[in-house]
Amino acid sequence: MNIAFFLTPKSQIIYETIDATMRQVLEKMEYHTYTSIPLINDDGRYVGAITEGDLLWKIKDTPDITLKDMDKIPITEVPLHTHSKAVSIDANIQDLITLAKSQNFVPVVDDDGIFIGIIKRSDIINYCAKILFKDK
């Protein structure tokens with residue numbers, strides 16, 4: 001099966017670029033109620049996923065930080081504690097499932113390494129459930 005079947009395109013998801021500030025990312029995640037979003041660079045390449053935990057650790061490790069201060073902290077200064085791996089659009093379903101076991105979403109890149117979207121773990125589970133329980 002082609003993993004493109006599961007792809008939610010970049011135009012339909014929430015992500016952030018690496019030139020964002022910590023506050024911009026935090027507010028975007030809060031508004032959309034996401035616990036993690038993809039980060040891409042200026043060339044459109046996937047660089048990682050920022051999580052609520054990453055933001056909380058940065059707040060913990062930055063004495064006397066305020067919400068106003070977060071406007072001045074580039075997201076590139078927030079260490080990523082989880083390394084969410086991306087797959088190529090040509091990846092097989094087994095690779096996808098292996099990553100989805102430990103990631104809420106799997107970022108997908110094209111042949112040139114450009115971020116093109118994500119595959120949500122929930123979509124994979126729903127598809128597998130339909131197959132497993134189709135006779136019930």
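1. Glutamate 16 is buried in this predicted model. Its relative accessibility is 11%, and the cut-off for buried is under 20%. The residue belongs to strand E2. It stands opposite leucine 39 in E3. Its side chain also meets that of lysine 28 in a salt bridge, at 3.1 Å from N to O. That pair ties distant parts of the chain together: glutamate 16 sits in strand E2, lysine 28 in helix H1, and 12 residues separate them. Lysine 28 counts as partly exposed, because its relative accessibility is 26%.

2. Now the sheet that holds E2. Three strands make an open sheet, ordered E2-E3-E4, with mixed pairing. Strand E2 (16-17) and strand E4 (46-51) are the edge strands; each has a single partner strand, so one side of each has no neighbour in the sheet. E2 and strand E3 (residues 36-40) run parallel and are joined by two bridges. E3 and E4 pair in the antiparallel sense, over five bridges. One pairing to check on screen is proline 38, whose bridge partner in E4 is alanine 49.

3. The link from E3 to E4 is a hairpin, with five residues between the two strands. Look at glycine 44 in the turn: its phi is positive, about 85°. E4 itself is mostly covered, with five of its six residues buried.

4. What lies across this sheet? Helix H1 (residues 22-32) lies across E2, E3 and E4. The helix runs at about 135° to E3. H1 also supplies lysine 28, the partner of glutamate 16 in strand E2.

5. Helix H2 (residues 52-60) has two sides worth separating. Its buried residues are Asp54, Leu55 and Lys58. Seen down the axis of H2, these fall within an arc of 95°, so they line one face of the helix. H1 and E4 are among the elements that cover them. On the other side of H2, Leu56 and Lys60 are exposed. Lysine 60 counts as exposed because its relative accessibility is 57%, against a cut-off of over 50%. Its side chain meets that of aspartate 61 in a salt bridge, at 3.0 Å from N to O.

6. How many salt bridges does the structure hold? There are four. One of them joins the side chains of aspartate 71 and arginine 23, at 3.6 Å from N to O. This pair also links distant parts of the chain: aspartate 71 is in the loop between H2 and strand E5 (87-88), arginine 23 is in helix H1, and they are 48 residues apart. Both partners count as partly exposed: aspartate 71 because its relative accessibility is 40%, arginine 23 because its value is 22%. Salt bridges with shared partners join Arg23, Glu27 and Asp71 into one network.

7. Is threonine 21 buried or exposed? Threonine 21 counts as buried, because its relative accessible area is 15%. The residue is placed in the loop between E2 and H1. Leaving aside neighbours within four places in sequence, its contacts are Met70, Asp71, Ile73, Pro74 and Ile75. Asp71 therefore appears twice in this note: as a contact of threonine 21, and as a member of the network with Arg23 and Glu27.

8. There is another sheet to inspect. Four strands form an open sheet in the order E1-E7-E6-E5, again with mixed pairing. Strand E1 (8-9) and E5 are at the edges; each has a single partner strand, so one side of each is left without a neighbour in the sheet. E5 pairs with strand E6 (residues 105-109) in the parallel sense, over two bridges. Within that pairing, serine 88 stands opposite valine 109 in E6.

9. Which helix lies across E1, E6 and strand E7 (115-120)? Helix H4 (residues 121-132) does. The helix runs at about 50° to E7.

Notes
Residues are numbered from 1 along each chain as its sequence is written. This is a predicted model: local features need pLDDT of at least 70, side-chain atom pairs count only at pLDDT 80 or more; totals for chains, interfaces and linings use all residues. Side-chain values use heavy atoms; hydrogens and water are left out. Two strands pair if DSSP finds at least two bridges between them. Contact means heavy atoms within 4.5 Å. Axes are lines fitted to C-alpha atoms, for helices over the stretch in contact, and angles run from 0 to 180 degrees between N-to-C directions. Buried means under 20% relative accessible area, exposed over 50%, partly exposed in between (1.4 Å probe, protein chains only). The arc is that of the directions from the helix axis to the C-beta atoms.
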